[in-house]
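User: I would like a close look at a single part of this protein. Please choose one helix and explain how it is placed and what surrounds it.

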Amino acid sequence: MRDYDWLVPDAFCATFVRGLTPREALARTGAEDIGDDEPDDHEEGLIEARAAEGGTILSEFNGFAGTLPEVLVPLSAGTVTASVFRNVNAVAVFVHYADGRRTLEFDPLFPRDEDGIAENYLSERIELGLVGDRSEGGLAAALKLAERITGVRPAAESGTVVAYGVLEHY
């Protein structure tokens with residue numbers, strides 16, 4: 001996860017959004033844009049928006065908003081998103097939405113628990129080690145799959161937060 005040093009490895013949600021700027025992506029989530037200065041305290045519901053090659057990466061420390069349909073439906077309208085989530089209990093999920101519809105969801109640590117594998121992603125999942133009873137690729141492979149599906153990749157500037165938002169009530 002070398003390109004993702006800014007993610008907290010124990011508990012994070014990273015949401016890749018094709019073709020939107022960080023502020024556009026934050027607005028679609030319904031988060032209140034609180035500017036580009038880091039908040040003094042790590043507020044619950046805090047979302048960091050980073051510019052990336054091909055779009056935006058939204059990240060949350062110990063958050064899960066990027067896995068919720070009420071966030072992903074409007075965020076993916078007219079585009080595609082992919083989110084990778086892991087909490088401190090090693091519960092993980094990969095979820096992909098295209099134009100407001102969920103197209104793929106599975107556990108990247110135990111891929112056999114998938115919910116409706118999309119045939120057009122099977123070869124990439126096999127290549128990345130995201131099939132079978134226990135994942136060989138893990139979270140790093142899930143992040144790579146999110147990059148491939150969305151065309152959004154970390155860039156040099158991805159380490160810098162462009163905007164912060166707070167999503168209430170989640």
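Analyst:
**Helix H4 and its surroundings**

The protein has four helices and eight strands. The model is a predicted one. Along the sequence, its elements follow the pattern β-α-β-β-β-α-β-β-β-α-α-β. Of the 170 residues in the protein, 51% are buried. Among contacts with a separation of 6 or more, 63% are between residues 24 or more positions apart.

The part chosen here is helix H4, which covers residues 138-150. This helix has 13 residues, and the distance from its first C-alpha to its last is 19 Å, close to the 18 Å expected at 1.5 Å a residue. After H4 comes Gly151, which has a positive phi, near 75°.

Is H4 enclosed or exposed? Ten of its 13 residues are buried, so the helix is largely enclosed by the rest of the structure. The buried residues are Gly138, Leu139, Ala141, Ala142, Leu143, Leu145, Ala146, Glu147, Ile149 and Thr150. They pack against four strands, S1 (12-18), S5 (80-86), S6 (92-98) and S7 (101-106), and against helix H3 (122-128).

A general property of helices helps in reading such a list. An α-helix has 3.6 residues a turn, so residues three or four places apart point the same way.

Two residues of H4 illustrate how burial is assigned. Leu143 lies in this helix, and Leu143 counts as buried because its relative accessible area is 1%, where buried means under 20%. Ala140 also has its place in H4, but Ala140 counts as partly exposed because its relative accessibility is 39%. Partly exposed residues are those between the buried limit of under 20% and the exposed limit of over 50%.

Both residues can also be related to distant parts of the chain. Leu143 and Ser83 are 60 residues apart in sequence, yet their C-alpha atoms are 8.2 Å apart in space. For Ala140 and Val84, 56 residues apart along the chain, the C-alpha separation is 9.6 Å.

The sheet beside the helix deserves its own description. Eight strands form an open sheet with antiparallel pairing, in the order S2-S8-S3-S4-S1-S5-S6-S7. Strand S2 (32-35) and strand S7 stand at the edges with a single partner strand each, so one side of each has no neighbour in the sheet. From one strand to the next, the twist averages 20°. H4 packs on this sheet and touches S1, S5, S6 and S7. The direction of H4 makes about 170° with that of S5.

Strands S6 and S7, both touched by H4, can be followed in more detail. These two strands run antiparallel and are joined by five bridges. Within the pairing, His96 stands opposite Leu104 in S7, while Phe94 stands opposite Phe106 in S7. The hairpin of S6 and S7 has two residues between the strands, and Asp99 takes a positive phi there, near 45°. This is a positive value in a residue other than glycine. A further case is Ala90, whose phi is near 65° and thus also positive in a residue other than glycine. Ala90 has its place in the loop between S5 and S6, and Ala90 counts as partly exposed because its relative accessibility is 32%.

The packing of helix and sheet can be considered next through the nonpolar side chains. The largest nonpolar core has 26 residues, and those with the most contacts inside it are Phe16, Ile57, Val84, Phe94 and Leu143. The elements giving two or more residues to this core are S1, S5, S6, S7 and H4. Which element supplies the largest share of this core? The largest share, seven residues, comes from H4. Another core, of 17 residues, lies apart from it and includes Leu20, Ala31, Leu72 and Leu75.

Aromatic residues complete the picture. The whole structure holds three aromatic pairs, and Tyr4, Trp6 and Phe16 form one aromatic cluster. Phe16 is also one of the residues with the most contacts inside the largest nonpolar core.

In summary, H4 is largely enclosed by the rest of the structure, because ten of its 13 residues are buried. This helix packs on the sheet and gives the largest share of the largest nonpolar core.

Key. Residues are numbered from 1 along each chain as its sequence is written. This is a predicted model: local features need pLDDT of at least 70, side-chain atom pairs count only at pLDDT 80 or more; totals for chains, interfaces and linings use all residues. Side-chain values use heavy atoms; hydrogens and water are left out. The expected span of a helix is 1.5 Å times one less than its number of residues. Buried means under 20% relative accessible area, exposed over 50%, partly exposed in between (1.4 Å probe, protein chains only). Contact means heavy atoms within 4.5 Å. A nonpolar core is a set of buried Ala, Val, Leu, Ile, Met, Phe, Trp, Tyr and Cys residues joined through side-chain atoms within 4.5 Å. Rings of Phe, Tyr and Trp (its six-membered ring) pair if their centres lie within 6.5 Å; planes under 30 degrees apart count as stacked, over 60 as edge-to-face and the rest as tilted. Two strands pair if DSSP finds at least two bridges between them. Axes are lines fitted to C-alpha atoms, for helices over the stretch in contact, and angles run from 0 to 180 degrees between N-to-C directions.
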